[in-house]
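Got the model open in your viewer? Here is a short tour that goes from one selection to the next, with a note on what to look for at each stop.

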Amino acid sequence: MRSAENIERLIKNVRYKTSAEMRKRTLNDASEAQSKSRKSKWAAAHSNIWRIIMTSKITKLSSAALIIIAVTAGIIHFSSSIDGGSIVFADVLKSIQEANTAVWHEQRVITCNGEELPFLTSDVVRYYSVEYGAKEEMYALKNILLQEVYWSIEKGARIEVAPLWKQYKRTEFTEAERTVGGRSIEAIVELVKSEQTTKLGSKTINGRKAEGFEIEDSKIAGALVPVEFDSLVARFWIDVETSLPIQYEAELVISDRHITTFTGGKAVEVKVIGDEFQWDVELGKDIFELNIPPDYTEMEY
Amino acid sequence: MEDKLLIWKLKKGSNEALCRIYEKYEEHLLASAISLLYDVGSAEDVVHDVFVTFAQSADKLKLNGNLKGYLTRCVVNLARDKIRAIQRRRIRLNEENPAGPDIQQPSHAVIRDEELDRLSQAMGSLPYEQRETIVLHLRGEMTFKAIAKSHGVSINTVCSRYRYGLTKLRSLLNGEVVK
């Protein structure tokens, strides 16, 4: 005899498997619809972007774009390790390591002379795993996957993949990267002891009480990023309850020659905001596995 | 969390996210459609059409609740259209050929799962409003208030439909005689 609750549970939980043929057809049709919709929107919204890119000497543009990306990526790669070696800093590192994994969102806006470079403004999904390393997926122009970067602990290397240009670049970890990625709290504490930090006090972010720290012209950032920058200010907000990063903001001014070639000799400003942190989530190994298609070539810079 | 990330990626055009969403909810949605239509073929068509439309308009997607509830509501809406189309077709056929096939009851493709088959048969015997209310509340995770608002009826009407529907289901599934 079934009770009303029992019937409710049955209705709630019943599942039914789609036939293999229908499953294949649905996935194919949905994928095709998605692709068509994306292509038509791309064509309508960005008809002049390709002309800009093609007339900007594609190789230099791609190199410059990728270096700018690498700068911001490098900065944020070490973003979880700022507080000048204080006890709070050690707590933060410990909490991060205990969390094992994280996913968060990052926005990067790049300007030159106050004018935004729209094709380099991007949204990024960042993944972090104590076990496998880190990865980011960078989307520009709202929906174009511009670049993926893998920081692979297994390979001891940073690998950048640019699908738009069908290029990739593998770089052995620098000492700083190896230290940050090497999961040794003591080593990272040593590394950041020399950093000058300023406490920013507390504020509420999305209902969570957070304490902020600011650094300027970091030496670690200098060791982690592949180009020289003129100035750097970064602010990190740590959740008081969990000791985990909840938000960060960074501003850099860069006049590295690779960039100034691209902007006609003018320095660029990079603004970065990281938020929507989700700690200790399930992230499979496949997210961090690198598969470079055979027709991709190595980047030249 | 995963759904939030999947939607974010889907809006950026990720096919991987689309496939993951399909894999995650296809069984749930198909069972919901079968509960409403009691016909595997029609139910598969509904789920197919929901996903194709979902993929086409992903960048405009604005979720107020959860993804599972949203997709279930899409299935319910499309199933309702399908039922209406069948009813219109029935009227037309009856007018043209009074002795023709009776499609008032949905055609039953074989439902292999015995429990789902019994449930679908029982659901199929409910008035459509009751069936839909049950599916929206239990599988679409909609509150009675939200269902009342979306259907333009009072919350008492929705609660009654749910209660009567569930009572009848209970009788049918327990093998009792239903008047």
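Strands here are DSSP runs of E at least two residues long, and helices are runs of H or I at least four long, both numbered from the N terminus. Keep in mind as you click around that this is a predicted model.

**Stop 1: chain B as a whole.** Colour chain B by secondary structure and you'll find eight helices and zero strands. Follow the chain along its sequence and the pattern reads α-α-α-α-α-α-α-α. Chain B has 179 residues, and 37% of them count as buried. Now think about its internal contacts between residues at least 6 apart in sequence: 67% of these join residues at least 24 apart.

**Stop 2: helix α2 of chain B.** Select residues 15–37 of chain B, which make up helix α2. Where is the kink centred? Look at Tyr25(B), where the helix bends by about 50°. Then step off the end of the helix: Tyr38(B), just after α2(B), takes a positive phi of about 50°.

**Stop 3: where the two chains touch.** Bring chain A back into view. The contact draws on 35 residues of chain B and 31 residues of chain A. On the chain B side, the elements giving two or more residues are α1 (2–11), α2, α3 (40–56), α5 (114–124), α6 (128–139) and α8 (155–173). Which of them gives the most? That's α2(B), with 10 residues, the helix you just saw kinked at Tyr25(B). Colour this side of chain B by residue type and you get 20 nonpolar, six polar and nine charged residues.

**Stop 4: strand β12 of chain A.** Move over to chain A and select residues 268–279, which form strand β12. Within this strand, zoom in on Glu276(A). Its phi is positive, about 55°, although Glu276(A) is not a glycine. Is Glu276(A) buried or partly exposed? It has 16 other C-beta atoms within 10 Å, so it counts as partly exposed; the buried class begins at 20.

**Stop 5: the loop after β12.** Finish at Asp280(A), in the loop between β12 and β13 (297–298) of chain A. Here is another residue other than glycine with a positive phi, this one near 55°. Count the other C-beta atoms within 10 Å of Asp280(A) and you get 14, so this residue is partly exposed too.

Technical notes:
Residues numbered from 1 in each chain as written. Chains lettered and ligands numbered in written order. Predicted model: local features only at pLDDT ≥ 70, side-chain atom pairs only at ≥ 80, totals over all residues. Buried ≥ 20, exposed ≤ 12 C-beta atoms within 10 Å, placed from the backbone. Bend = angle between axes of the 7 residues up to and from the residue. Contact = placed C-beta atoms within 7 Å. Nonpolar A, V, L, I, M, F, W, Y, C, P; charged D, E, K, R; others polar.
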